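Visitor: Could you take me closely through a single part of this protein, and then set that part in its wider surroundings?

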Amino acid sequence: MSHQAELVGRPEQERRVPQRRTGTRVTSLENTPPRDKEEAMPQSGTIDYAVVEGWEQLPKGYAHRDVAGVAVDGEDRVYLICRGDHPVIVYDQKGNFLRSWGEGEFTYRTHGISVGPNGTIFCTDDGNHTVRQFTPEGKLLMTLGVMNTPSDTGYDGKNLMTITRGAGPFNRPTNIAVGPRGDLYVSDGYGNCRVHQFSSSGQLKRSWGAPGRGPGEFYLPHGIAVAADGRVFVCDRESDRIQIFSPDGEYLSEWADTQRPTHIVFDEQGRAYVSELWWHPGDTSQSLGPITQARHARVSVYDPDGQVLARWGTPDATATGSFAAPHGIAVDSKCAIYISEVTWTFAVSRGRAPEDCHTFQKFALTS
């Protein structure tokens, strides 16, 4: 089902965000067009981004207190997957509302969204243990996994440390990526500890992973992307690392200069963009141990070798340009960055942010 709705304009604001991280300046602007990629990404090591306030023209009567994921198609249309009455919301490259779909077809645990090379849309729903493929207008094409049937991993439904073994698809899958040969790679997930590789037609080819901290082991494989050369990058969230595999699942290496990574995407130049979640006191990191001091959320941009090009975020979760609960990330053809946040689940419901805190932000390159 697709919905159209009346648009409501948002007041234009320009507000400077007082932050700088690793050679990155983040300011705020209203609908200032970014430069093209060649001009916007100098080799000096400094990358400047600006928050584009008022970009999203959310329709009247719509709300998204959790935006679980975001993706961009070949025409720079932006797809949000939300936990609410309108699961998938689509905008054009200027932020104008185009349509919504998926009403009544998803649980309130939607999790990730990705666009395939042919423009079809893949959506993960950890509430019903499926990954589904749709047309851009929301027509169902394929379902991976058995609806409402989790695989048997020993998971108790709440604590990932109760997972005793890896199992088949799926137990609360998190995200999906499409490889250059058309293969589908699914990170699985809150109730599993594996990556599953499927053919483009949905045939399971292989799975890998087990609970743990060793190479090829996971404590919550949460985000996934495939580089142009076919390498598979997996956000091993609770272990503060991104593991890198061959197209067939052989462990190659890992990036450790990351914090609780939730998702990863690549641009055409091979740069990696990663959303990184808070660690709050009382949490336990599988790499850092018990957390006694807050480590704020951030976004990082890496070169193809894993060196940080840009990084930003501040302890003020509600500030424009900072993050309460960054959960999904996408990049368009102009290298603008889109960040989705599960603000209600991770922050508001736990008393960490007010109800009007941002759930979706766009950052444009300015130099």
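Guide: What follows starts with one open sheet and then turns to the loops, the rings and the chain as a whole. This is a predicted model, in which local features need pLDDT of at least 70 and side-chain atom pairs count only at pLDDT 80 or more, while totals for chains, interfaces and linings use all residues. Residues are numbered from 1 along each chain as its sequence is written, and side-chain values use heavy atoms, with hydrogens and water left out.

The open sheet has four strands in the order β17-β18-β19-β20, with antiparallel pairing; strands here are DSSP runs of E of at least two residues, and helices runs of H or I of at least four, numbered from the N terminus, and two strands pair if DSSP finds at least two bridges between them. The edges are held by β17 (221–226) and β20 (251–255), each with a single partner strand, so one side of each is left without a neighbour in the sheet. From one strand to the next the twist averages 25°, with axes taken as lines fitted to C-alpha atoms and angles running from 0 to 180 degrees between N-to-C directions. Within the sheet, β18 (residues 232–236) and β19 (residues 241–245) pair in the antiparallel sense over five bridges, and D236 stands opposite R241 in β19.

Turning to the loops, most residues other than glycine have a negative phi, and most peptide bonds are trans. In the loop between β12 and β13 lies N148, whose phi is near 60°, a positive value in a residue other than glycine; N148 is exposed, with a relative accessible area of 53%. C335, in the loop between β27 (326–331) and β28 (337–341), also has a positive phi, near 65°, but counts as buried at 0% relative accessibility. Buried means under 20% relative accessible area, exposed over 50% and partly exposed in between, with a 1.4 Å probe and protein chains only. The peptide bond from P169 to F170 is cis, with omega near -20°, and the bond from D188 to G189 is cis with omega near 0°.

Among the side chains, the charged end of R132 sits over the ring of F106, 4.6 Å from its centre, a case that requires CZ of Arg or NZ of Lys within 6 Å of the ring centre and within 35 degrees of the ring normal. R352 likewise lies over the face of F346, at 5.2 Å from the ring centre.

For the wider setting, the protein chain has two helices and 29 strands, and buried residues make up 60% of its 367 residues.
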